[in-house]
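New to this one? Take a look at the sequence and the model first, and then we'll walk through it piece by piece.

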Amino acid sequence: MKRNNLSVVNKIVQYSSAVKQPKVGFYSSLNHTHLLAVLLDWGSLPHYVVLRIFQYLPLIDRARASSVCKKWNEVFHIPDLWRKFEFELNQSATSYFKSTHPDLIQQIIKKHATHLQYVSFKVDSSTESAEAACNILSQLVNCSIQTLGLISTAKPSFMNVSKSHFVSALTVVFVNSKSLSSIKIEDTPVDDPSLKILVANNSDTLRLLKMSSCPHVSSDGILCVADRCQGLRELALNYYILSDELLLALSSETHVNLEHLRIDVVSENPGQIEFHSIKKQSWDALIKHSPGVNVVMYFFLYEEEFEAFFKEETPVTHLYFGRSVSKAVLGRIGLNCPRLVELVVCANNGLQTLDTQLICIAEHCKNLTALGLSECEVSCSAFIEFVRLCGKRLTQLSVMEEVLIPDDEYSLDKIHTEVSKYLGRIWFPDVLPVW
């Protein structure tokens, strides 16, 4: 550290000698020895500066830096440094990121648990890492955690943990925190009883709940959350637990305006074709109560599984299709999704272009500002007409080059000029998808 400081000082001295200095005045009276001493004394940095630096350091480096001097060690124990922390847990043989050392974890729990407010656990694909996270959770009995996130960097390893072990550990946080406002527990074995414990202790503070791919949660469990947590503003869940009753509960007079509703539509069972329908009246009630809500839907279905969707007006704002979607479904979207803001189509198995469907969407979805297309086909003429209809409101336009099919009117060499003209900015098709 001193070597680095000396190099900085040498540069300053070299620079100052190269510049013509006044013979008399303030600068000529500086005590150069004192100046060098100050530059070399990192311990003279204010606490708030060192604190800011420490917040960017990994835990192991933060611990090492705390031994540099007494002042840095004092900063290491300032409560503000430990309000936000991410535990990285992995098995070295199966992971690429650096793990938090077990001894440091115990030191944090022993000395700083009461200061933790924003906590996340990043685990790899191993069951051992997920179990270690549960063991840490079960020790957080003296915390006032406000934000909790459980993140699987690969496959959902929390699902391999014993359900009783996971729920028991999570319940410790739910019971003791009493001020949770944001919870991300996707791909975990959380269940209905644990959700009831959550709302019993944190109903007044909960604002965000993300729990997609939680197979042990039923529509009754999530309905309990909506009924009791009147301040809930963001919710992420799977379609199978979405119900008319849930939408009506989120639309009650006592509930705050919902801002973000994310729905993952995934087959519960391989080969599942039938999905339940949501009544238009239920959607209407939600939009009447929360007119600015973003309704985001991620679809991971096969073409034959879309029968229940978009037959009536649906207030979706953001649509993402991770698998192939048929022309018929895209046609229904153009007619029944007037609030649509963003559309991403990753594939289409049809042999015909999506010209008619794309133009229909441009004509009826007046709020559309973003489009992404990949592994489908659109004629250059139809695509230019789509852009002309949307105009400059298209702030994001990501279309793979192979999607665009040259025709009698336009070639690939000319299309970027026409599209750029209607967008009011330079545009080219993409070589790689950016969504």
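## A helix and its surroundings

Let's start with helix α14, which spans residues 355-364: D355, Q357, L358, C360, I361 and A362 are its buried residues. Keep in mind, as you look around, that this is a predicted model. What do the buried residues of α14 pack against? Their partners are α13 (327-336), β10, β11, β12 (378-379) and α15. A general point helps when reading any helix: with 3.6 residues a turn in an α-helix, residues three or four places apart point the same way.

## Stepping back

Now for the whole chain. There are 16 helices and 14 strands in the protein chain. The chain has 435 residues, and 46% of them count as buried. Its accessible surface comes to about 22000 Å², with 54% of that belonging to carbon and sulfur atoms. How much of the contact network links residues far along the sequence? Among contacts in the protein chain with a separation of 6 or more, 73% are between residues 24 or more positions apart.

## The sheet

Twelve strands make one open sheet. Reading across this open sheet of 12 strands, you get β1-β2-β3-β4-β5-β6-β7-β8-β9-β10-β11-β13, and the pairing is parallel. At the edges sit β1 (84-89) and β13 (396-399), each of which pairs on one side only. On average, neighbouring strands of the sheet are turned by 10° against each other, ignoring direction. In general, strands of a sheet pair through backbone hydrogen bonds, either parallel or antiparallel.

For a closer look at one pairing, go to strand β10 (residues 342-345) and strand β11 (residues 370-373): they run parallel and are joined by 4 bridges. Which residue of β11 is the bridge partner of E342? That would be A370. Both of these strands have turned up before, since β10 and β11 are among the elements that the buried residues of α14 pack against.

## The nonpolar core

Nonpolar side chains tend to be buried together in soluble globular proteins. Here, the largest nonpolar core has 124 residues, and the members that touch the most others are F121 and F383. Which helix gives the most to this core? Helix α15 (residues 380-390) does, with 7 residues.

So what does F383 touch? Beyond its neighbours within four places in sequence, F383 is in contact with L358, V378, L397, V399, L404, I415, V419 and W427. One of those contacts, L358, is also one of the buried residues in α14.

W427 comes up again a little further on. S420, found in helix α16 (residues 412-423), touches R425, I426 and W427 once residues up to four places away in sequence are set aside. Is S420 buried or exposed? S420 is buried, as its relative accessible area is 14%.

## Aromatic rings

A pair of aromatic rings is described by the distance of the centres and the angle of the planes. This structure holds 19 aromatic pairs, and here are two of them.

| Ring pair | Distance of centres | Angle of planes | Arrangement |
|---|---|---|---|
| F76 and W82 | 5.3 Å | 90° | edge-to-face |
| F306 and F309 | 6.4 Å | 70° | edge-to-face |

Why do these count as edge-to-face? Planes over 60 degrees apart get that label. F76 and W82 are both buried, and F306 and F309 are buried too. Rings also come together in a cluster, where ring pairs link Y239, F275, F299, F306, F309, F310 and F321.

## A loop worth a visit

Members of that cluster lead us to the loop between β8 (294-300) and β9 (318-321), where A308 is found. A308 is partly exposed, with a relative accessible area of 22%. Leaving out neighbours within four places in sequence, A308 is in contact with F275, H276 and S277. The C-alpha atoms of A308 and F275 are separated by 6.0 Å, although the two are 33 residues apart along the chain.

F310 is in the loop between β8 and β9 as well. F310 counts as buried, at 3% relative accessibility.

Most residues other than glycine have a negative phi. F310 isn't a glycine, yet its phi is positive, at about 65°. K178 also has a positive phi, near 60°, and is a residue other than glycine. Where does K178 lie? Look in the loop between α8 (163-177) and β4 (182-184). K178 is partly exposed, with a relative accessible area of 48%.

Note on methods: Residues are numbered from 1 along each chain as its sequence is written. This is a predicted model: local features need pLDDT of at least 70, side-chain atom pairs count only at pLDDT 80 or more; totals for chains, interfaces and linings use all residues. Side-chain values use heavy atoms; hydrogens and water are left out. Two strands pair if DSSP finds at least two bridges between them. Helices (H or I, at least four residues) and strands (E, at least two) are DSSP runs, numbered from the N terminus. Axes are lines fitted to C-alpha atoms, for helices over the stretch in contact, and angles run from 0 to 180 degrees between N-to-C directions. A nonpolar core is a set of buried Ala, Val, Leu, Ile, Met, Phe, Trp, Tyr and Cys residues joined through side-chain atoms within 4.5 Å. Buried means under 20% relative accessible area, exposed over 50%, partly exposed in between (1.4 Å probe, protein chains only). Contact means heavy atoms within 4.5 Å. Accessible areas come from the Shrake-Rupley method with a 1.4 Å probe; for residues, only the protein chains shown count as cover. Rings of Phe, Tyr and Trp (its six-membered ring) pair if their centres lie within 6.5 Å; planes under 30 degrees apart count as stacked, over 60 as edge-to-face and the rest as tilted.
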